[in-house]
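This report introduces a protein chain to a reader who has not met it before. The sequence and the structure are shown first, and the description follows under short headings.

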Amino acid sequence: MKRLQAFKFELRPTGEQQRQMRRFAGSCRFVFNKALALQKERYEQGEKKLGYAGLCKELTAWRNGPDTAWLSDAPVHPLQQTLKDLERAYANFFAKCAAFPRFKKKGMSDNIRYPDPKQIKIDQDNSRLFLPKLGWVRYHKSRDVEGVLRNVTVSFSGGKWFISIQTEREVEQPTHPATSIVGVDMGVANFAALSTGEITAPVDAFKRHTQRLARYQRAMSRKQKFSRNWTKAKAHVQKLHTRIGNIRRDHLHKLSTMLSKNHAAIVIEDLQVRNMARSASGTVEQPGRNVRAKAGLNRSILDQGWFEFRRQLEYKQAWRGGIVVAVNPHNTSRTCPACGHVAKENRTTQSRFECVACGYTAHADVNAACNILAAGHAVMACGGDVSPYLHLGVGKAAPMKQEPAEATHAV
Ligand SMILES: [Zn+2]
């Protein structure tokens with residue numbers, strides 16, 4: 001089995017290397033924006049869109065032209081990669097997966113991707129790697145890089161430079177050490193409830209830090225834009241954002257690792273977070289109902305990173321030889337496991353489940369997790385879709401999570 005893995009480290013560049021990387025990232029942004037402007041211009045004049053090869057020809061002309069000759073100071077492959085990114089942005093737009101490509105601003109996903117492994121060397125013993133036009137750059141080595149190098153990406157985030165090293169290696173097809181199967185209900189009041197009865201409290205790093213973030217943002221808005229004090233205030237805001245992101249990722253990784261280590265099969269609900277986030281406000285013709293409450297619920301969902309959580313579960317299970325089963329979320333929180341009665345009234349409060357037909361009681365989220373587990377058993381018995389890969393079909397009707405209204409008020 002082929003395993004693709006990314007190893008990410010913080011770089012320790014010299015001052016000169018930092019300046020170089022800023023310039024390279026700036027050149028990549030410039031090329032992206034210039035190519036996008038060119039495509040727009042061609043469209044307005046009724047000409048055909050240039051393909052990747054055509055754009056590369058333009059790039060060569062820019063690198064040799066008198067006005068933009070400074071572009072030739074940057075390594076050529078990363079510049080070409082930004083043209084590939086633009087191509088992908090257009091393709092996603094035509095496939096109706098994304099909005100029309102936008103111009104890049106400084107500080108917005110600043111990165112440099114080196115696609116050619118022949119130009120890169122890693123010297124792990126001395127914690128450094130060689131990059132074209134930068135020379136040897138040191139990095140904080142926190143672990144060994146395994147596998148054959150495929151490509152590397154240098155990125156800037158929260159005032160620091162990082163390197164992400166993609167490798168590929170052949171590993172034996174693993175067999176999962178456990179034989180158990182677990183159902184997971186992901187909610188707002190509790191991040192996750194397991195069919196085994198365990199409940200994980202939400203981290204909501206974002207919510208906890210919201211007040212401070214708001215204060216920092218107010219402070220920033222009072223400063224004169226682009227002044228020295230404004231730049232400092234902006235750095236504060238960005239640092240807090242980075243911290244929130246780190247806490248959240250750490251939490252998700254701990255939980256997904258724990259689940260993946262202990263269970264051969266993990267059953268989750270097939271939620272489509274993107275669609276949920278979009279659905280609240282509705283469209284101009286059909287404004288959404290209960291917009292404020294739903295927006296609160298959705299923000300909380302995004303805050304807790306369900307999509308990221310599922311992604312982690314899927315790759316971790318694939319590596320360990322386990323599987324992730326996604327089941328239809330319909331009625332999972334309203335069904336009585338004892339008698340099978342389905343009713344909205346079964347869920348009396350956010351945390352309490354009481355069947356109106358037979359009187360069976362349970363913790364509402366744990367009960368939902370048990371129903372999800374049962375649905376998972378059913379899917380596997382029928383030989384349904386148990387692929388460990390993402391299947392976010394475009395245009396597919398989005399299953400909606402049925403949380404009681406109370407949960408939305410609590411947010
Ligand atoms: Zn019942």
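## Strand pairing

Two strands count as paired if DSSP finds at least two bridges between them. In this predicted model, strand 11 (residues 265–269) and strand 12 meet that condition, with five bridges joining them in a parallel arrangement. Within this pair, Glu269 is placed opposite Val327 of strand 12.

## The chain as a whole

The chain contains ten helices and 14 strands. It has 411 residues, of which 43% count as buried. Its accessible surface is about 22,700 Å², and carbon and sulfur atoms account for 52% of that surface. Of the contacts between residues at least 6 apart in sequence, 67% connect residues at least 24 apart.

## The five-stranded sheet

Strands 11 and 12 belong to an open sheet of five strands, whose order is 10-9-8-11-12 and whose pairing is mixed. Its edges are formed by strand 10 (199–200) and strand 12, each of which pairs on one side only. Although strand 12 is an edge strand, four of its five residues are buried, and the strand is mostly covered.

At the other edge, strand 10 pairs with strand 9 (residues 192–194) through two bridges, in the antiparallel sense. Here Ala193 faces Ile199 of strand 10. In general, the strands of a sheet pair through backbone hydrogen bonds, in either a parallel or an antiparallel manner.

## Pairings of strand 5

Strand 5 (residues 135–139) runs antiparallel to strand 1 (residues 2–12), and two bridges join them. Arg12 is located opposite Arg138 of strand 5.

Strand 5 is also antiparallel to strand 4 (residues 128–131), with four bridges between the two. In this second pairing, Leu129 has Val137 as its bridge partner. Strands 4 and 5 make a hairpin in which three residues separate them, and Lys133 in the turn has a positive phi of about 65°.

## Nonpolar cores

The largest nonpolar core consists of 38 residues, and the members with the most contacts inside it are Leu11, Tyr114, Leu131, Val154 and Ile163. Helix 1 (residues 15–44) is the largest contributor to this core, supplying nine residues. A separate core of 17 residues lies apart from it and includes Leu271, Trp306, Phe309 and Ala326.

What does Val154 touch, leaving aside its neighbours within four places in sequence? The contacts of Val154 include Leu11, Tyr114, Leu131 and Ile163, residues that are also listed among those with the most contacts in the largest core. Other contacts of Val154 are with Met21, Asp110, Asn111, Ile112, Trp161 and Phe162.

## The zinc site

Which residues hold the zinc ion? Its protein donors are the SG atoms of Cys336, Cys339, Cys355 and Cys358, at 2.2 to 2.3 Å from the ion. The angles among the four donor atoms are 106 to 111°, and the site is tetrahedral. For four tetrahedral donors, the ideal angle is 109.5 degrees.

Along the sequence, the donor residues follow the spacing C-x2-C-x15-C-x2-C. Cys336 is in the loop between strand 12 (323–327) and strand 13 (352–354), while Cys355 is in the loop between strand 13 and strand 14 (361–363); the pair therefore ties together parts 19 residues apart in sequence. Cys336 has a relative accessible area of 1% and is buried. Cys355 is buried as well, at 3%.

## Selected loop residues

Most residues other than glycine have a negative phi. Phe226 departs from this pattern, with a positive phi near 70°. Phe226 is situated in the loop between helix 4 (205–222) and helix 5 (228–262), and its relative accessibility of 64% makes it exposed. Asn331 likewise has a positive phi, of about 65°, without being a glycine. Asn331 belongs to the loop between strand 12 and strand 13. Is Asn331 buried or exposed? With a relative accessible area of 19%, Asn331 is buried, because the cut-off for that class is under 20%.

Ala69 is placed in the loop between helix 2 (52–64) and helix 3 (76–94). Ala69 counts as partly exposed, at 32% relative accessibility. When residues up to four places away in sequence are set aside, Ala69 touches Trp62 and Arg63.

Notes: Residues numbered from 1 in each chain as written. Predicted model: local features only at pLDDT ≥ 70, side-chain atom pairs only at ≥ 80, totals over all residues. Heavy atoms only, no water. Donors = N, O, S within 2.8 Å, 3.2 Å for Na, K, Ca; no water. Tetrahedral: all angles 85-135°; square planar, octahedral: opposite > 155°, others 65-115°. Buried < 20%, exposed > 50% of the residue type's maximum accessible area, 1.4 Å probe, protein only. Core = buried A, V, L, I, M, F, W, Y, C linked by side-chain atoms within 4.5 Å. Contact = heavy atoms within 4.5 Å. Areas by Shrake-Rupley, 256 points an atom, 1.4 Å probe, with all protein chains shown as cover.
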